[in-house]
Amino acid sequence: GADIARYLKGSAECAVFACTLGMANEAAMARRKAQSALDAAIYGAAGSSLVESVADACEEAVVADAAKRTNWRYSPGYGDLPLALQPKIVRVLAADKRLGMVATESNLLIPAKSVTAFVGLFDADAKLDEASGVKSSCEGCACGQNCTLRAAGTPCWKR
């Protein structure tokens, strides 16, 4: 996609990662679905929040280890970056063997509470906004009209 090209423009390297809550979370979710739709919905929302926290921790580890300036993580499904990349990312990272993660025929991840992402790594003297093409405002963002992050007062570029 063109969005990932703009996102990584000027980067010296790119970190790619995958994280998951695993199959135990999937089994617990299935039990809750059988018992109560409400419990399953709450458990699913909590799982989504938790896997995002795990992805944030992975991103922070990349940033700390890189000793370079980074931009925020960018996952398949953001902008025009196709979900079709999921199987390739899983394969390259050996996330199937290491994490038990697989991509379905429709390019969704199993376990469902899983994330793959890219993080651009820039030279220390790079100007992140100019080098990456990443906008440091919501102006012109394709997701701007429907952005729940912006509505909550914490747009993605402030994370």
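This briefing walks through the fold, the sheet, the helix packing and a few single residues.

The model is predicted. The protein has seven helices and five strands. Along the sequence, these elements follow the pattern α-β-α-α-β-α-α-β-β-β-α-α. An open sheet of three strands and a packed pair of helices, helix 2 and helix 3, get most of the attention below.

**The whole protein**

- The protein has 159 residues, and 33% of them are buried.
- Its accessible surface is about 9,300 Å². Carbon and sulfur atoms hold 56% of that surface.
- Take the contacts in the protein with a separation of 6 or more. Of these, 70% link residues that are 24 or more positions apart.

**The sheet**

- Strands of a sheet pair through backbone hydrogen bonds, and the pairing can be parallel or antiparallel.
- Here the open sheet has three strands in the order 1-5-2, and the pairing is antiparallel.
- Strand 1 (13-20) and strand 2 (69-70) stand at the edges. Each has a single partner strand, so one side of each lacks a neighbour in the sheet.
- Strand 5 covers residues 114-122 and runs antiparallel to strand 2, with two bridges joining them. In this pairing, Arg69 has Phe122 of strand 5 as its bridge partner.
- Helix 3 (residues 37-66) packs on the sheet and touches strand 1, strand 2 and strand 5. The direction of helix 3 makes about 150° with that of strand 1.
- Strand 1 and strand 5 are joined by eight bridges and also run antiparallel. Cys19 stands opposite Val115 of strand 5.

**Strand 5 under cover**

- In a regular strand, side chains alternate between the two faces of the sheet.
- How many of the nine residues of strand 5 are buried? Nine of the nine are, and the strand is mostly covered.
- Both faces of strand 5 are covered. One side carries Ser114, Thr116, Phe118, Gly120 and Phe122, all buried.
- The other side carries Val115, Ala117, Val119 and Leu121, also all buried.

**Helix 2 against helix 3**

- Two packed helices are described by the angle between their axes and the distance between the axes.
- Helix 2 (residues 23-35) packs with helix 3 at an angle of about 155°. Their axes are 7 Å apart.
- Are helix 2 and helix 3 roughly parallel or roughly antiparallel? An angle over 145 degrees counts as roughly antiparallel, so that is the label for helix 2 and helix 3.
- Helix 2 passes helix 3 in a left-handed crossing.
- On the helix 2 side, the contact is made by Asn25, Ala28, Met29, Arg32 and Lys33. On the helix 3 side, it is made by Asp39, Ala40, Tyr43 and Gly44.

**Glu26 and Pro111**

- Glu26 sits in helix 2. Its relative accessible area is 22%, so Glu26 counts as partly exposed.
- Pro111 lies in the loop between strand 4 (109-110) and strand 5.
- In sequence, Glu26 and Pro111 are 85 residues apart. In space, their C-alpha atoms are 6.2 Å apart.
- Which residues does Glu26 touch, not counting residues up to four places away in sequence? Glu26 touches Pro111, Ala112 and Lys113.

**Backbone exceptions**

- Most residues other than glycine have a negative phi, and most peptide bonds are trans.
- The peptide bond from Ile110 to Pro111 is cis, with omega near 0°.
- Ala94 has a positive phi, near 55°. Ala94 is in the loop between helix 4 and helix 5 (95-99).
- Asn107 also has a positive phi, and its value is near 70°. Asn107 is in the loop between strand 3 (102-103) and strand 4.

**Pro82 and Asn107**

- Where is Pro82 found? Pro82 is in the loop between strand 2 and helix 4 (86-92).
- Pro82 has a relative accessible area of 36%, so Pro82 is partly exposed.
- Asn107 has a relative accessibility of 17%, so Asn107 counts as buried. The cut-off for buried is under 20%.
- Pro82 and Asn107 are 25 residues apart in sequence. From C-alpha to C-alpha, Pro82 and Asn107 are 9.1 Å apart in space.
- Not counting residues up to four places away in sequence, Pro82 touches Gly1, Pro76 and Gly77.

Technical notes:
Residues numbered from 1 in each chain as written. Predicted model: local features only at pLDDT ≥ 70, side-chain atom pairs only at ≥ 80, totals over all residues. Heavy atoms only, no water. Pairing = 2+ DSSP bridges. Helix = DSSP H or I, 4+ residues; strand = E, 2+ residues; numbered from the N terminus. Contact = heavy atoms within 4.5 Å. Axes fitted to C-alpha atoms, helices over the stretch in contact; angles between N-to-C directions. Buried < 20%, exposed > 50% of the residue type's maximum accessible area, 1.4 Å probe, protein only. Areas by Shrake-Rupley, 256 points an atom, 1.4 Å probe, with all protein chains shown as cover. Parallel < 35°, antiparallel > 145°, perpendicular 65-115°, else oblique. Left-handed = near helix turned anticlockwise from the far one by under 90°.
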